[in-house]
Protein chains: 2
Amino acid sequence: MIGKGNWFTEVMEDEGMAFSLRVREKLHEERTAFQHIEVYETEAWGRLLVIDGCVMLTSRDNFVYHEMMSHPALFTHPDPRRVAIIGGGDCGMLREVLKHPGVESVVQVDIDAGVTRAAERYFPELTESNDDPRASLLFDDGVAWIENQPTGSLDLVIVDSTDPVGVAEGLFGPAFLGQVHRVLGEQGLMVQQSESPILHRDTILARLHGHMRQSGYARVVTLQYPVVSYPSGWWSATVASKGPHPADFRDQDARHKPFATHYYNADIHRAALAAPEFCKGLFTDQ
Amino acid sequence: MIGKGNWFTEVMEDEGMAFSLRVREKLHEERTAFQHIEVYETEAWGRLLVIDGCVMLTSRDNFVYHEMMSHPALFTHPDPRRVAIIGGGDCGMLREVLKHPGVESVVQVDIDAGVTRAAERYFPELTESNDDPRASLLFDDGVAWIENQPTGSLDLVIVDSTDPVGVAEGLFGPAFLGQVHRVLGEQGLMVQQSESPILHRDTILARLHGHMRQSGYARVVTLQYPVVSYPSGWWSATVASKGPHPADFRDQDARHKPFATHYYNADIHRAALAAPEFCKGLFTDQ
(Lines give C-alpha, C1' and ligand atoms only; values in the text may rest on other atoms or scores of the structure.)
Protein backbone atom coordinates (compact mmCIF):
# COMPACT_ATOMS: atom_id res chain seq x y z
CA MET A 1 0.00 0.00 0.00
CA ILE A 2 2.79 2.41 0.87
CA GLY A 3 5.06 1.21 -1.89
CA LYS A 4 8.71 0.36 -1.85
CA GLY A 5 11.15 0.83 0.95
CA ASN A 6 10.94 0.62 4.72
CA TRP A 7 8.43 2.61 6.70
CA PHE A 8 7.64 3.13 10.34
CA THR A 9 3.88 3.51 10.75
CA GLU A 10 1.86 4.59 13.74
CA VAL A 11 -1.75 3.50 13.41
CA MET A 12 -4.36 5.45 15.38
CA GLU A 13 -7.10 2.84 15.38
CA ASP A 14 -9.71 4.94 17.16
CA GLU A 15 -9.30 7.73 14.64
CA GLY A 16 -9.04 5.55 11.55
CA MET A 17 -5.78 7.18 10.57
CA ALA A 18 -2.09 6.37 10.26
CA PHE A 19 1.13 8.33 9.96
CA SER A 20 4.27 6.92 8.35
CA LEU A 21 7.88 7.98 8.02
CA ARG A 22 10.30 6.35 5.62
CA VAL A 23 13.17 4.85 7.59
CA ARG A 24 16.66 3.83 6.57
CA GLU A 25 17.38 1.59 9.54
CA LYS A 26 16.45 0.76 13.08
CA LEU A 27 19.26 2.04 15.28
CA HIS A 28 18.03 0.79 18.63
CA GLU A 29 15.38 -1.42 20.20
CA GLU A 30 14.95 -2.15 23.86
CA ARG A 31 12.27 -3.40 26.21
CA THR A 32 12.83 -1.74 29.56
CA ALA A 33 10.90 -2.58 32.73
CA PHE A 34 8.40 0.07 31.66
CA GLN A 35 8.28 0.54 27.92
CA HIS A 36 9.30 -0.59 24.46
CA ILE A 37 11.80 1.92 23.05
CA GLU A 38 12.83 2.15 19.40
CA VAL A 39 15.06 4.60 17.54
CA TYR A 40 15.11 4.85 13.74
CA GLU A 41 17.13 6.77 11.21
CA THR A 42 14.54 8.29 8.88
CA GLU A 43 14.92 9.45 5.32
CA ALA A 44 13.85 13.07 5.80
CA TRP A 45 13.02 13.70 9.50
CA GLY A 46 16.34 12.92 11.15
CA ARG A 47 16.07 10.41 13.93
CA LEU A 48 12.79 9.08 15.25
CA LEU A 49 12.09 8.06 18.86
CA VAL A 50 9.21 5.64 19.36
CA ILE A 51 7.81 4.42 22.70
CA ASP A 52 5.27 1.61 22.79
CA GLY A 53 4.62 2.07 19.09
CA CYS A 54 3.86 5.82 19.36
CA VAL A 55 6.03 8.55 17.87
CA MET A 56 7.63 10.57 20.67
CA LEU A 57 9.70 12.90 18.53
CA THR A 58 11.76 13.38 15.41
CA SER A 59 14.97 15.40 15.20
CA ARG A 60 13.32 17.71 12.67
CA ASP A 61 10.05 18.67 14.31
CA ASN A 62 10.46 18.31 18.10
CA PHE A 63 11.37 21.98 18.51
CA VAL A 64 7.76 23.15 18.37
CA TYR A 65 6.58 20.84 21.15
CA HIS A 66 9.50 21.47 23.48
CA GLU A 67 9.39 25.23 23.05
CA MET A 68 5.61 25.51 23.43
CA MET A 69 5.50 23.30 26.52
CA SER A 70 8.13 25.41 28.31
CA HIS A 71 8.54 29.05 27.28
CA PRO A 72 4.91 30.24 27.54
CA ALA A 73 4.72 29.17 31.20
CA LEU A 74 8.25 30.36 31.99
CA PHE A 75 7.44 33.80 30.61
CA THR A 76 4.13 33.85 32.51
CA HIS A 77 5.49 33.19 36.01
CA PRO A 78 6.93 36.47 37.37
CA ASP A 79 10.19 34.86 38.49
CA PRO A 80 10.48 31.12 37.87
CA ARG A 81 13.41 29.64 39.76
CA ARG A 82 12.44 26.11 40.80
CA VAL A 83 11.18 23.87 38.02
CA ALA A 84 10.26 20.18 37.83
CA ILE A 85 9.71 18.17 34.67
CA ILE A 86 7.65 15.00 35.13
CA GLY A 87 8.48 12.62 32.31
CA GLY A 88 10.60 14.31 29.67
CA GLY A 89 13.21 11.56 29.60
CA ASP A 90 14.47 12.65 26.19
CA CYS A 91 15.78 15.81 27.95
CA GLY A 92 14.61 18.21 25.23
CA MET A 93 12.35 20.00 27.73
CA LEU A 94 15.18 20.27 30.23
CA ARG A 95 17.33 21.95 27.61
CA GLU A 96 14.62 24.55 26.87
CA VAL A 97 13.98 25.33 30.55
CA LEU A 98 17.69 25.79 31.24
CA LYS A 99 17.86 28.48 28.56
CA HIS A 100 16.23 30.82 31.13
CA PRO A 101 19.06 32.38 33.14
CA GLY A 102 16.81 33.01 36.17
CA VAL A 103 16.04 29.33 36.64
CA GLU A 104 18.02 28.02 39.61
CA SER A 105 17.10 24.34 39.64
CA VAL A 106 15.37 21.88 37.33
CA VAL A 107 14.55 18.36 38.46
CA GLN A 108 13.60 15.92 35.72
CA VAL A 109 11.73 12.89 37.03
CA ASP A 110 11.21 10.17 34.44
CA ILE A 111 10.31 6.65 35.44
CA ASP A 112 12.40 5.11 32.67
CA ALA A 113 16.15 5.67 32.51
CA GLY A 114 16.14 3.82 29.20
CA VAL A 115 14.65 6.83 27.44
CA THR A 116 17.41 9.14 28.68
CA ARG A 117 20.14 6.62 27.81
CA ALA A 118 18.71 6.36 24.27
CA ALA A 119 18.50 10.16 23.97
CA GLU A 120 22.10 10.62 25.12
CA ARG A 121 23.25 8.25 22.42
CA TYR A 122 20.92 9.08 19.50
CA PHE A 123 19.70 12.64 20.19
CA PRO A 124 22.78 14.31 21.69
CA GLU A 125 21.44 17.76 20.79
CA LEU A 126 18.55 17.22 23.23
CA THR A 127 20.81 16.19 26.10
CA GLU A 128 23.45 18.87 25.63
CA SER A 129 22.41 20.69 28.81
CA ASN A 130 22.28 17.61 31.05
CA ASP A 131 25.57 18.55 32.71
CA ASP A 132 24.31 22.00 33.68
CA PRO A 133 24.87 22.28 37.45
CA ARG A 134 21.27 23.46 37.86
CA ALA A 135 19.91 20.15 36.46
CA SER A 136 19.09 16.97 38.39
CA LEU A 137 18.00 13.82 36.60
CA LEU A 138 15.98 11.37 38.68
CA PHE A 139 14.62 8.06 37.47
CA ASP A 140 11.60 7.56 39.61
CA ASP A 141 7.81 7.54 39.67
CA GLY A 142 6.74 11.15 39.11
CA VAL A 143 3.48 10.71 41.01
CA ALA A 144 5.27 9.48 44.14
CA TRP A 145 8.00 12.09 43.76
CA ILE A 146 5.50 14.96 43.67
CA GLU A 147 3.76 13.60 46.79
CA ASN A 148 7.05 13.82 48.66
CA GLN A 149 7.83 17.42 47.79
CA PRO A 150 7.27 20.18 50.36
CA THR A 151 4.25 22.43 49.98
CA GLY A 152 4.94 25.55 47.94
CA SER A 153 8.40 24.38 46.91
CA LEU A 154 8.16 24.74 43.11
CA ASP A 155 7.38 27.53 40.67
CA LEU A 156 6.63 25.44 37.61
CA VAL A 157 5.81 21.80 36.96
CA ILE A 158 5.87 20.60 33.34
CA VAL A 159 4.23 17.25 32.71
CA ASP A 160 5.88 15.94 29.56
CA SER A 161 4.33 12.51 29.41
CA THR A 162 3.23 9.94 26.90
CA ASP A 163 -0.49 9.57 26.14
CA PRO A 164 -2.84 9.16 29.13
CA VAL A 165 -2.85 5.38 29.00
CA GLY A 166 -0.56 2.88 30.73
CA VAL A 167 2.45 4.37 32.52
CA ALA A 168 1.24 7.96 32.15
CA GLU A 169 -2.43 7.52 33.12
CA GLY A 170 -1.92 8.71 36.70
CA LEU A 171 -0.42 11.99 35.45
CA PHE A 172 -3.82 13.10 34.13
CA GLY A 173 -5.88 12.27 37.22
CA PRO A 174 -7.24 14.54 39.94
CA ALA A 175 -5.06 13.08 42.72
CA PHE A 176 -1.84 13.98 40.91
CA LEU A 177 -3.11 17.37 39.76
CA GLY A 178 -4.09 18.20 43.33
CA GLN A 179 -0.64 17.24 44.60
CA VAL A 180 1.00 19.45 41.98
CA HIS A 181 -1.23 22.30 43.12
CA ARG A 182 -0.06 21.81 46.71
CA VAL A 183 3.60 21.69 45.72
CA LEU A 184 3.43 24.90 43.69
CA GLY A 185 4.09 28.31 45.18
CA GLU A 186 1.55 31.13 45.18
CA GLN A 187 2.34 32.21 41.64
CA GLY A 188 2.96 28.67 40.45
CA LEU A 189 1.94 27.09 37.16
CA MET A 190 1.70 23.64 35.72
CA VAL A 191 1.76 22.67 32.06
CA GLN A 192 0.44 19.43 30.68
CA GLN A 193 0.63 18.11 27.13
CA SER A 194 -3.04 17.69 26.31
CA GLU A 195 -3.25 15.90 22.98
CA SER A 196 -5.15 17.07 19.89
CA PRO A 197 -7.89 19.74 19.82
CA ILE A 198 -9.63 18.07 16.89
CA LEU A 199 -9.34 14.52 18.22
CA HIS A 200 -9.61 14.93 21.99
CA ARG A 201 -11.62 18.06 22.79
CA ASP A 202 -14.53 16.25 24.40
CA THR A 203 -12.48 13.51 26.04
CA ILE A 204 -8.94 14.13 27.29
CA LEU A 205 -9.09 17.93 27.06
CA ALA A 206 -12.50 18.29 28.70
CA ARG A 207 -11.55 15.92 31.53
CA LEU A 208 -8.21 17.61 32.10
CA HIS A 209 -9.82 21.07 32.30
CA GLY A 210 -12.35 19.70 34.77
CA HIS A 211 -9.72 18.06 36.96
CA MET A 212 -7.51 21.15 36.95
CA ARG A 213 -10.36 23.41 37.98
CA GLN A 214 -11.40 21.00 40.71
CA SER A 215 -7.81 21.05 41.93
CA GLY A 216 -8.18 24.73 42.68
CA TYR A 217 -6.25 26.46 39.90
CA ALA A 218 -7.47 29.99 39.33
CA ARG A 219 -6.89 29.87 35.59
CA VAL A 220 -6.82 27.01 33.10
CA VAL A 221 -6.08 27.69 29.44
CA THR A 222 -5.09 25.62 26.43
CA LEU A 223 -2.50 26.65 23.84
CA GLN A 224 -2.46 25.14 20.39
CA TYR A 225 0.51 24.51 18.08
CA PRO A 226 1.47 22.17 15.26
CA VAL A 227 3.38 18.92 15.81
CA VAL A 228 3.84 17.14 12.49
CA SER A 229 4.61 13.75 13.98
CA TYR A 230 1.74 13.56 16.51
CA PRO A 231 -1.75 12.32 15.69
CA SER A 232 -3.56 14.88 13.47
CA GLY A 233 -0.50 17.16 13.45
CA TRP A 234 -2.44 19.57 15.69
CA TRP A 235 -1.47 19.56 19.33
CA SER A 236 -2.06 21.38 22.60
CA ALA A 237 -0.62 22.24 25.99
CA THR A 238 -2.89 23.08 28.89
CA VAL A 239 -1.60 25.55 31.45
CA ALA A 240 -3.07 25.77 34.95
CA SER A 241 -2.01 28.78 36.96
CA LYS A 242 -2.39 29.78 40.61
CA GLY A 243 -1.18 33.25 39.67
CA PRO A 244 -1.01 35.14 36.38
CA HIS A 245 -2.98 34.20 33.29
CA PRO A 246 -0.69 33.19 30.40
CA ALA A 247 -2.12 36.13 28.43
CA ASP A 248 -0.55 38.44 31.05
CA PHE A 249 2.95 37.19 30.40
CA ARG A 250 6.28 39.00 30.60
CA ASP A 251 5.90 40.21 27.05
CA GLN A 252 8.99 42.42 27.01
CA ASP A 253 11.18 39.69 28.48
CA ALA A 254 9.90 37.31 25.83
CA ARG A 255 10.59 39.89 23.11
CA HIS A 256 14.16 40.30 24.33
CA LYS A 257 14.86 36.73 25.39
CA PRO A 258 18.60 36.10 25.66
CA PHE A 259 18.44 32.80 23.76
CA ALA A 260 17.42 31.47 20.38
CA THR A 261 14.23 29.61 19.59
CA HIS A 262 12.97 28.13 16.36
CA TYR A 263 9.18 28.42 16.82
CA TYR A 264 8.36 30.37 20.01
CA ASN A 265 8.37 34.15 20.27
CA ALA A 266 6.18 36.71 22.01
CA ASP A 267 3.75 36.93 19.06
CA ILE A 268 3.44 33.16 18.88
CA HIS A 269 2.85 33.05 22.66
CA ARG A 270 -0.17 35.31 22.33
CA ALA A 271 -1.34 33.60 19.13
CA ALA A 272 -1.27 30.12 20.67
CA LEU A 273 -3.83 31.30 23.24
CA ALA A 274 -6.49 32.10 20.63
CA ALA A 275 -9.28 29.57 20.88
CA PRO A 276 -10.74 28.19 17.66
CA GLU A 277 -14.48 28.74 17.50
CA PHE A 278 -15.21 25.05 18.17
CA CYS A 279 -13.07 25.13 21.32
CA LYS A 280 -14.51 28.28 22.86
CA GLY A 281 -15.81 27.79 26.34
CA LEU A 282 -13.28 25.04 26.95
CA PHE A 283 -9.87 26.44 26.03
CA THR A 284 -10.35 29.74 27.79
CA ASP A 285 -11.84 30.84 31.06
CA GLN A 286 -12.90 34.19 29.69
CA MET B 1 2.52 -2.62 7.44
CA ILE B 2 -0.72 -0.81 8.28
CA GLY B 3 -2.54 -3.93 9.35
CA LYS B 4 -5.98 -5.13 8.49
CA GLY B 5 -8.66 -3.33 6.58
CA ASN B 6 -8.64 -0.94 3.67
CA TRP B 7 -6.66 2.25 3.71
CA PHE B 8 -6.22 5.21 1.42
CA THR B 9 -2.62 6.39 1.62
CA GLU B 10 -1.02 9.53 0.26
CA VAL B 11 2.73 9.14 0.02
CA MET B 12 4.81 12.31 0.04
CA GLU B 13 7.96 10.91 -1.52
CA ASP B 14 10.06 14.07 -1.27
CA GLU B 15 9.33 14.33 2.43
CA GLY B 16 9.67 10.65 3.26
CA MET B 17 6.24 10.61 4.85
CA ALA B 18 2.79 9.17 4.29
CA PHE B 19 -0.71 9.83 5.60
CA SER B 20 -3.44 7.20 5.65
CA LEU B 21 -7.16 7.12 6.36
CA ARG B 22 -9.06 3.91 6.89
CA VAL B 23 -11.76 3.63 4.23
CA ARG B 24 -14.95 1.62 4.05
CA GLU B 25 -15.45 1.86 0.31
CA LYS B 26 -14.64 3.78 -2.83
CA LEU B 27 -17.77 5.70 -3.77
CA HIS B 28 -16.56 7.22 -7.01
CA GLU B 29 -13.68 7.15 -9.46
CA GLU B 30 -13.36 9.13 -12.64
CA ARG B 31 -10.69 10.28 -15.04
CA THR B 32 -11.75 13.62 -16.46
CA ALA B 33 -9.91 15.44 -19.22
CA PHE B 34 -7.84 17.09 -16.50
CA GLN B 35 -7.57 14.94 -13.41
CA HIS B 36 -8.14 11.64 -11.67
CA ILE B 37 -10.93 12.09 -9.11
CA GLU B 38 -11.75 9.64 -6.30
CA VAL B 39 -14.23 9.79 -3.44
CA TYR B 40 -14.08 7.42 -0.46
CA GLU B 41 -16.24 6.78 2.56
CA THR B 42 -13.79 6.76 5.48
CA GLU B 43 -14.13 5.15 8.87
CA ALA B 44 -13.74 8.29 11.01
CA TRP B 45 -13.29 11.35 8.75
CA GLY B 46 -16.52 11.30 6.79
CA ARG B 47 -16.00 11.41 3.05
CA LEU B 48 -12.64 11.89 1.39
CA LEU B 49 -12.02 13.68 -1.92
CA VAL B 50 -8.79 12.77 -3.71
CA ILE B 51 -7.44 14.35 -6.88
CA ASP B 52 -4.47 12.81 -8.68
CA GLY B 53 -3.64 10.80 -5.57
CA CYS B 54 -3.56 13.83 -3.23
CA VAL B 55 -6.07 14.43 -0.45
CA MET B 56 -8.19 17.48 -1.27
CA LEU B 57 -10.48 17.38 1.74
CA THR B 58 -12.40 15.28 4.22
CA SER B 59 -15.88 16.05 5.52
CA ARG B 60 -14.48 16.32 9.05
CA ASP B 61 -11.55 18.68 8.68
CA ASN B 62 -12.15 20.88 5.61
CA PHE B 63 -13.71 23.64 7.68
CA VAL B 64 -10.35 25.03 8.81
CA TYR B 65 -8.97 25.40 5.30
CA HIS B 66 -12.10 26.91 3.79
CA GLU B 67 -12.62 29.37 6.63
CA MET B 68 -8.98 30.48 6.79
CA MET B 69 -8.69 30.98 3.03
CA SER B 70 -11.76 33.23 2.93
CA HIS B 71 -12.74 35.12 6.09
CA PRO B 72 -9.39 36.77 6.95
CA ALA B 73 -9.26 38.46 3.53
CA LEU B 74 -13.00 39.24 3.49
CA PHE B 75 -12.70 40.97 6.88
CA THR B 76 -9.58 42.83 5.72
CA HIS B 77 -11.03 44.45 2.60
CA PRO B 78 -13.10 47.47 3.70
CA ASP B 79 -16.11 46.51 1.56
CA PRO B 80 -15.70 43.34 -0.50
CA ARG B 81 -18.46 43.01 -3.09
CA ARG B 82 -16.96 41.33 -6.15
CA VAL B 83 -15.15 38.07 -5.51
CA ALA B 84 -13.59 35.44 -7.76
CA ILE B 85 -12.48 31.96 -6.74
CA ILE B 86 -9.94 30.33 -9.04
CA GLY B 87 -10.14 26.58 -8.60
CA GLY B 88 -12.34 25.67 -5.65
CA GLY B 89 -14.43 23.17 -7.63
CA ASP B 90 -15.64 21.48 -4.46
CA CYS B 91 -17.59 24.71 -3.75
CA GLY B 92 -16.66 24.84 -0.03
CA MET B 93 -14.93 28.18 -0.53
CA LEU B 94 -17.91 29.56 -2.42
CA ARG B 95 -20.14 28.66 0.51
CA GLU B 96 -17.90 30.53 2.99
CA VAL B 97 -17.64 33.66 0.81
CA LEU B 98 -21.41 33.79 0.37
CA LYS B 99 -21.86 33.94 4.14
CA HIS B 100 -20.84 37.61 3.91
CA PRO B 101 -24.03 39.60 3.26
CA GLY B 102 -22.13 42.46 1.60
CA VAL B 103 -20.76 40.25 -1.16
CA GLU B 104 -22.70 40.95 -4.37
CA SER B 105 -21.14 38.46 -6.78
CA VAL B 106 -18.87 35.43 -6.61
CA VAL B 107 -17.53 33.80 -9.73
CA GLN B 108 -15.98 30.37 -9.27
CA VAL B 109 -13.71 29.36 -12.14
CA ASP B 110 -12.55 25.76 -12.01
CA ILE B 111 -11.13 24.04 -15.04
CA ASP B 112 -12.72 20.71 -14.16
CA ALA B 113 -16.51 20.37 -13.92
CA GLY B 114 -15.95 16.82 -12.71
CA VAL B 115 -14.89 18.08 -9.28
CA THR B 116 -18.07 20.10 -8.84
CA ARG B 117 -20.26 17.23 -10.06
CA ALA B 118 -18.59 14.92 -7.52
CA ALA B 119 -19.00 17.50 -4.74
CA GLU B 120 -22.70 17.97 -5.53
CA ARG B 121 -23.24 14.25 -5.18
CA TYR B 122 -20.91 13.32 -2.31
CA PHE B 123 -20.37 16.55 -0.35
CA PRO B 124 -23.79 18.23 -0.57
CA GLU B 125 -23.01 20.35 2.49
CA LEU B 126 -20.24 22.10 0.52
CA THR B 127 -22.46 22.88 -2.45
CA GLU B 128 -25.51 24.04 -0.49
CA SER B 129 -25.01 27.67 -1.57
CA ASN B 130 -24.50 26.95 -5.26
CA ASP B 131 -27.99 28.19 -6.09
CA ASP B 132 -27.41 31.54 -4.41
CA PRO B 133 -28.27 34.15 -7.08
CA ARG B 134 -24.97 35.90 -6.33
CA ALA B 135 -22.96 32.82 -7.41
CA SER B 136 -21.72 31.94 -10.90
CA LEU B 137 -19.99 28.66 -11.60
CA LEU B 138 -17.73 28.63 -14.66
CA PHE B 139 -15.74 25.68 -15.88
CA ASP B 140 -12.83 27.26 -17.60
CA ASP B 141 -9.11 27.95 -17.40
CA GLY B 142 -8.63 30.36 -14.49
CA VAL B 143 -5.48 31.89 -15.99
CA ALA B 144 -7.25 32.77 -19.23
CA TRP B 145 -10.36 33.95 -17.40
CA ILE B 146 -8.39 36.40 -15.26
CA GLU B 147 -6.64 37.78 -18.37
CA ASN B 148 -10.04 38.62 -19.82
CA GLN B 149 -11.38 40.51 -16.83
CA PRO B 150 -11.48 44.32 -16.85
CA THR B 151 -8.86 46.21 -14.87
CA GLY B 152 -9.96 46.99 -11.31
CA SER B 153 -13.10 44.86 -11.57
CA LEU B 154 -12.68 42.62 -8.49
CA ASP B 155 -12.22 43.16 -4.75
CA LEU B 156 -10.92 39.72 -3.83
CA VAL B 157 -9.43 36.80 -5.73
CA ILE B 158 -9.04 33.50 -3.86
CA VAL B 159 -6.81 30.93 -5.51
CA ASP B 160 -7.99 27.59 -4.16
CA SER B 161 -5.87 25.30 -6.25
CA THR B 162 -4.16 21.95 -6.04
CA ASP B 163 -0.40 21.82 -5.46
CA PRO B 164 1.77 23.93 -7.79
CA VAL B 165 2.46 21.12 -10.22
CA GLY B 166 0.53 20.06 -13.31
CA VAL B 167 -2.80 21.83 -13.87
CA ALA B 168 -2.23 24.38 -11.09
CA GLU B 169 1.38 25.34 -11.86
CA GLY B 170 0.46 28.50 -13.76
CA LEU B 171 -1.51 29.78 -10.76
CA PHE B 172 1.71 30.31 -8.79
CA GLY B 173 3.69 32.12 -11.50
CA PRO B 174 4.44 35.82 -11.91
CA ALA B 175 2.37 36.23 -15.09
CA PHE B 176 -0.83 35.10 -13.37
CA LEU B 177 -0.11 37.01 -10.15
CA GLY B 178 0.50 40.16 -12.19
CA GLN B 179 -2.82 39.72 -14.01
CA VAL B 180 -4.64 39.29 -10.70
CA HIS B 181 -3.02 42.51 -9.49
CA ARG B 182 -4.32 44.33 -12.57
CA VAL B 183 -7.84 42.95 -12.15
CA LEU B 184 -8.10 43.95 -8.47
CA GLY B 185 -9.44 47.32 -7.36
CA GLU B 186 -7.43 49.78 -5.30
CA GLN B 187 -8.14 48.05 -2.01
CA GLY B 188 -8.06 44.59 -3.55
CA LEU B 189 -6.56 41.44 -2.09
CA MET B 190 -5.64 38.02 -3.31
CA VAL B 191 -5.28 34.85 -1.24
CA GLN B 192 -3.32 31.82 -2.30
CA GLN B 193 -3.07 28.47 -0.57
CA SER B 194 0.68 28.27 -0.01
CA GLU B 195 1.43 24.78 1.31
CA SER B 196 3.29 23.89 4.51
CA PRO B 197 5.51 26.25 6.53
CA ILE B 198 7.72 23.38 7.70
CA LEU B 199 7.96 21.66 4.33
CA HIS B 200 7.91 24.52 1.81
CA ARG B 201 9.27 27.66 3.46
CA ASP B 202 12.34 27.94 1.25
CA THR B 203 10.70 26.70 -1.93
CA ILE B 204 7.03 27.36 -2.69
CA LEU B 205 6.52 29.99 0.02
CA ALA B 206 9.70 31.93 -0.70
CA ARG B 207 8.99 31.94 -4.45
CA LEU B 208 5.37 32.98 -3.97
CA HIS B 209 6.34 35.88 -1.71
CA GLY B 210 8.91 36.99 -4.27
CA HIS B 211 6.46 36.80 -7.17
CA MET B 212 3.74 38.63 -5.26
CA ARG B 213 6.09 41.45 -4.32
CA GLN B 214 7.35 41.71 -7.90
CA SER B 215 3.73 41.94 -9.01
CA GLY B 216 3.39 45.18 -7.09
CA TYR B 217 1.40 44.23 -4.00
CA ALA B 218 2.02 46.63 -1.12
CA ARG B 219 1.71 43.94 1.54
CA VAL B 220 2.31 40.19 1.48
CA VAL B 221 1.72 38.12 4.58
CA THR B 222 1.31 34.43 5.36
CA LEU B 223 -1.24 33.00 7.80
CA GLN B 224 -0.79 29.58 9.35
CA TYR B 225 -3.43 27.08 10.43
CA PRO B 226 -3.80 23.33 10.89
CA VAL B 227 -5.14 21.01 8.20
CA VAL B 228 -5.06 17.43 9.43
CA SER B 229 -5.32 15.84 6.01
CA TYR B 230 -2.66 17.90 4.21
CA PRO B 231 1.05 17.05 4.22
CA SER B 232 2.53 17.73 7.68
CA GLY B 233 -0.87 18.85 9.03
CA TRP B 234 0.49 22.41 9.10
CA TRP B 235 -0.73 24.67 6.32
CA SER B 236 -0.68 28.28 5.16
CA ALA B 237 -2.46 30.91 3.12
CA THR B 238 -0.57 33.84 1.69
CA VAL B 239 -2.45 37.11 1.34
CA ALA B 240 -1.28 39.86 -1.00
CA SER B 241 -2.97 43.21 -0.55
CA LYS B 242 -3.02 46.42 -2.55
CA GLY B 243 -4.73 48.10 0.39
CA PRO B 244 -5.02 47.25 4.08
CA HIS B 245 -2.71 44.85 5.87
CA PRO B 246 -4.59 41.79 7.17
CA ALA B 247 -3.56 42.85 10.71
CA ASP B 248 -5.68 45.99 10.20
CA PHE B 249 -8.87 44.07 9.60
CA ARG B 250 -12.47 44.92 10.44
CA ASP B 251 -12.07 43.49 13.90
CA GLN B 252 -15.48 44.53 15.19
CA ASP B 253 -17.25 43.15 12.14
CA ALA B 254 -15.41 39.86 12.60
CA ARG B 255 -16.36 39.79 16.29
CA HIS B 256 -20.02 40.29 15.42
CA LYS B 257 -20.16 38.29 12.20
CA PRO B 258 -23.75 37.37 11.33
CA PHE B 259 -22.89 33.74 10.53
CA ALA B 260 -21.42 30.69 12.23
CA THR B 261 -17.90 29.38 11.78
CA HIS B 262 -16.19 26.38 13.26
CA TYR B 263 -12.55 27.56 13.39
CA TYR B 264 -12.31 31.24 12.38
CA ASN B 265 -12.98 34.14 14.71
CA ALA B 266 -11.39 37.53 15.30
CA ASP B 267 -8.84 36.15 17.78
CA ILE B 268 -7.88 33.35 15.41
CA HIS B 269 -7.53 35.91 12.59
CA ARG B 270 -4.93 37.86 14.54
CA ALA B 271 -3.27 34.69 15.85
CA ALA B 272 -2.83 33.18 12.39
CA LEU B 273 -0.70 36.19 11.45
CA ALA B 274 1.94 35.51 14.10
CA ALA B 275 5.12 34.32 12.39
CA PRO B 276 7.01 31.41 13.96
CA GLU B 277 10.59 32.35 14.69
CA PHE B 278 11.91 30.25 11.79
CA CYS B 279 9.58 32.05 9.36
CA LYS B 280 10.32 35.61 10.43
CA GLY B 281 11.46 37.81 7.60
CA LEU B 282 9.43 35.78 5.13
CA PHE B 283 5.88 35.60 6.52
CA THR B 284 5.67 39.25 7.45
CA ASP B 285 6.75 42.49 5.88
CA GLN B 286 7.25 44.21 9.21
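In the predicted model, chain A is superposed on chain B by a rotation of 180 degrees with 0.0 Å of shift along its axis (RMSD 0.0 Å), the fit being by least squares on the C-alpha atoms of residues with pLDDT of at least 70 in both. This is the relation of a two-fold axis. Within chain A, Ala271(A) has the C-alpha nearest the axis, 2.0 Å from it. Of the interface residues of chain A, 100% are also interface residues in chain B, so the copies meet through the same surface (contact: heavy atoms within 4.5 Å).

Three cavities of 30 Å³ or more are present; a cavity is a set of points on a 1 Å grid over the protein atoms alone where a 1.4 Å probe fits but cannot get out, and its lining residues have an atom within 4 Å of a point. The largest cavity has a volume of about 240 Å³. Its lining comprises 17 residues, and Gln224(A), Tyr225(A), Tyr263(A), Gln224(B) and Tyr263(B) are the closest to its centre. By character, 15 of the lining residues are nonpolar, two are polar and none is charged.

The second largest cavity holds about 110 Å³ of space. Among its 18 lining residues, Phe19(A), Val228(A), Gly233(A), Phe19(B) and Val228(B) lie nearest the centre. This lining divides into 14 nonpolar, four polar and no charged residues, with Gly counted as polar.

Residues are numbered from 1 along each chain as its sequence is written, and chains are lettered from A in the order in which they are written. Local features need pLDDT of at least 70, whereas totals for chains, interfaces and linings use all residues.

Key
Predicted model: local features only at pLDDT ≥ 70, side-chain atom pairs only at ≥ 80, totals over all residues. Heavy atoms only, no water. 1 Å grid on protein atoms, 1.4 Å probe; cavity = no way out; pocket = protein on both sides within 12 Å on 5 of 7 lines; lining within 4 Å. Points joined across faces, edges and corners; volume = space filled by probe spheres on them.
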